Every structure is written in structure tokens, then in C-alpha cells.
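I opened this notebook to record what I looked up in one protein structure. The entries follow the order in which I made the searches.

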Amino acid sequence: MKDPNDLRRLQSKILTTIALGQTGQVSAPRAALLMEAAAQIVTASVDELVLSRNHVGVLLSRFEDAMRQWRYDGDDLDNPVRWPITSEREVQNIIWIMLRPVFDDLVDEETLRKRGHSTYRADFGIPSLGLLIEVKYARKAADFKTFEKEIYEDYVAYLTGNGPYRKMTVFIYDESVSVQEHGTTRRALLDLPNITDVIIVCRPSHVPAPARTPRRRTRRTNP
């Protein structure tokens, strides 16, 4: 059956027939077949409703499509609306809006158990999934190498002795559009067994890169 709507109608008819006792006098083999079909339909429906870590990756992978509606109006409007994205915190705000309607127990700035002299705090946690989400903001291509080192260092601390958390997803917003670095970083991080997904997205073209104040060079004076 190729049409999904036809399949859903058939499944609904089977469940309704059994629930309302409209099967009539059927043979034992046919009754067993109907009950098996009903069990499989119910199991498949429950599996579709139960949220998993994979759902987080699916939602975050749609970040770029969602940014089509991110407002950054041109000068042709009398009162342009402009929502700049200049830092990791603003990316976290967007992710919160994307995930919170789906995951009731989403925690912002989840504080984790102290290890040695260091205190760790993940950007997001979803306790029901045992999942932490780490967010990074890349301003230049070289940041990807830095992120790999930072995540390697945090990886063990995040996922050792911290209650329900056993898995981690990484999300990187790339202001610099350094797409040549994405594959290398994604493969490197996915080699870690408890990282479930690495989502890397680029700045949308209608949102300009933030202006950076150049560093002032200090003049060297001879002693």
C-alpha cells in the first residue's frame, strides 16, 4: 500500500472494528491475526509519539530552514525590524525557542557536579533523555579546531557522575561560513561514543556578520 493515507485508514478501521466488537464470528486463526495486527499498529503509534534523542537532532538540523523567518529588514522599510546574532547567547535563545515547546524538562544552563577544582555548566540539559546540549559560536575557521579541543576536555567531566546525563549533542553556529571545516570537526566529534549528533549551521545570508572592532596594535619602543 503506497498511499500513507490509505494505510492510516486501514489501521483505523482495524482498531475501530476490534474496539467496538464488530468482528462478528471469526475463526481462531483470523482472530489471532486481527489481534496481532492491532498490537503492531498500537506499538508503532506509541513509538512515533515517544520522544527520543534523535528528535533533538532532527529539530536542530532544521535551524537553517527556520531562519528564513528571522527578521533583518532592509532600509526600504520605514521602521525596519532587525534581530542581530552576535554571540553564543543569542543562538542559545533561538535553540530554547525551538526545543522548549517539544521538551517540557529542557533546562537552561544546567549546572553539573564539580570535578576537582573545576565547576562545569552545560548550555542545555534534557533529563528525560539523559542528554546534554553544548552550543558553540564560530567567528572564524580556526575556531573549529579550538572547539574540538574544548569539547574533548569537557566531554568526560560532563558525562561522568552527573545524574541522568550520559549523552551529548553538539550544535555549532558558523558566522564565518567556513563550510570547509564542518566535515572534519563533525567526524572528529562523532568518534566520541557518547556524542549522539553534531549539527553545524551557517549564518543566513540576510543576516550580516557583526562588525568587529579591530585590535589596536601597540607600538613597540626601544629600551
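**Aromatic residues.** I began with the aromatic rings of this predicted model. Phe-63, Tyr-137, Phe-171 and Tyr-173 come together in one aromatic cluster. My search of the whole structure returned six aromatic pairs. I note for later work that a pair of aromatic rings is described by the distance of the centres and the angle of the planes.

**Salt bridges.** I then asked how many salt bridges a search of the whole structure finds. The count is nine.

I looked up the pair Arg-89 and Glu-109, whose side chains form a salt bridge at 3.3 Å from N to O. Arg-89 belongs to helix H5 (residues 88–99) and Glu-109 to strand E1 (residues 107–111), so this salt bridge ties together parts that are 20 residues apart in sequence. I checked the accessibility of both partners. Arg-89 is partly exposed, at a relative accessible area of 36%, and Glu-109 is also partly exposed, at 29%.

I next examined Lys-136, beginning with its salt bridge to Glu-134, in which the closest N and O atoms are 3.8 Å apart. Are these two residues buried or exposed? Glu-134 has a relative accessible area of 7% and is therefore buried, as the limit for that class is under 20%. Lys-136 is buried as well, with a relative accessible area of 8%.

I found that Lys-136 also meets the side chain of Glu-150 in a salt bridge, at 2.8 Å from N to O. Lys-136 is in strand E3 (residues 131–138) and Glu-150 in helix H6 (residues 143–159), so the pair ties together parts that are 14 residues apart in sequence. For Glu-150 I recorded a relative accessible area of 29%, which means that this residue is partly exposed.

I then looked for salt bridges that share partners, and found that Arg-89, Asp-108 and Glu-109 are joined by them into one network.

**His-182.** I located His-182 in helix H7 (residues 182–190). Its relative accessibility is 12%, so His-182 counts as buried. Which residues does His-182 touch, not counting those up to four places away in sequence? I listed Phe-144, Asp-174, Ile-200 and Cys-202.

**Val-177.** I checked the backbone at Val-177, which lies in the loop between strand E4 (167–174) and H7. Val-177 has a positive phi of about 55°, although it is not a glycine. I set this against the general rule that most residues other than glycine have a negative phi. The relative accessibility of Val-177 is 36%, so I entered this residue as partly exposed.

**Whole chain.** I closed with totals for the protein chain. Its secondary structure amounts to seven helices and five strands. What pattern does the protein chain follow when read along the sequence? I read α-α-α-α-α-β-β-β-α-β-α-β.

Of the 223 residues in the protein chain, 33% count as buried. I also took contacts between residues at least 6 apart in sequence, and 64% of these join residues at least 24 apart. The protein chain exposes about 14,600 Å², of which carbon and sulfur atoms supply 51%.

Technical notes. Residues numbered from 1 in each chain as written. Predicted model: local features only at pLDDT ≥ 70, side-chain atom pairs only at ≥ 80, totals over all residues. Heavy atoms only, no water. Helix = DSSP H or I, 4+ residues; strand = E, 2+ residues; numbered from the N terminus. Buried < 20%, exposed > 50% of the residue type's maximum accessible area, 1.4 Å probe, protein only. Contact = heavy atoms within 4.5 Å. Phe/Tyr/Trp six-rings, centres within 6.5 Å; stacked < 30°, edge-to-face > 60°. Salt bridge = Lys/Arg side-chain N within 4 Å of Asp/Glu carboxyl O. Areas by Shrake-Rupley, 256 points an atom, 1.4 Å probe, with all protein chains shown as cover.
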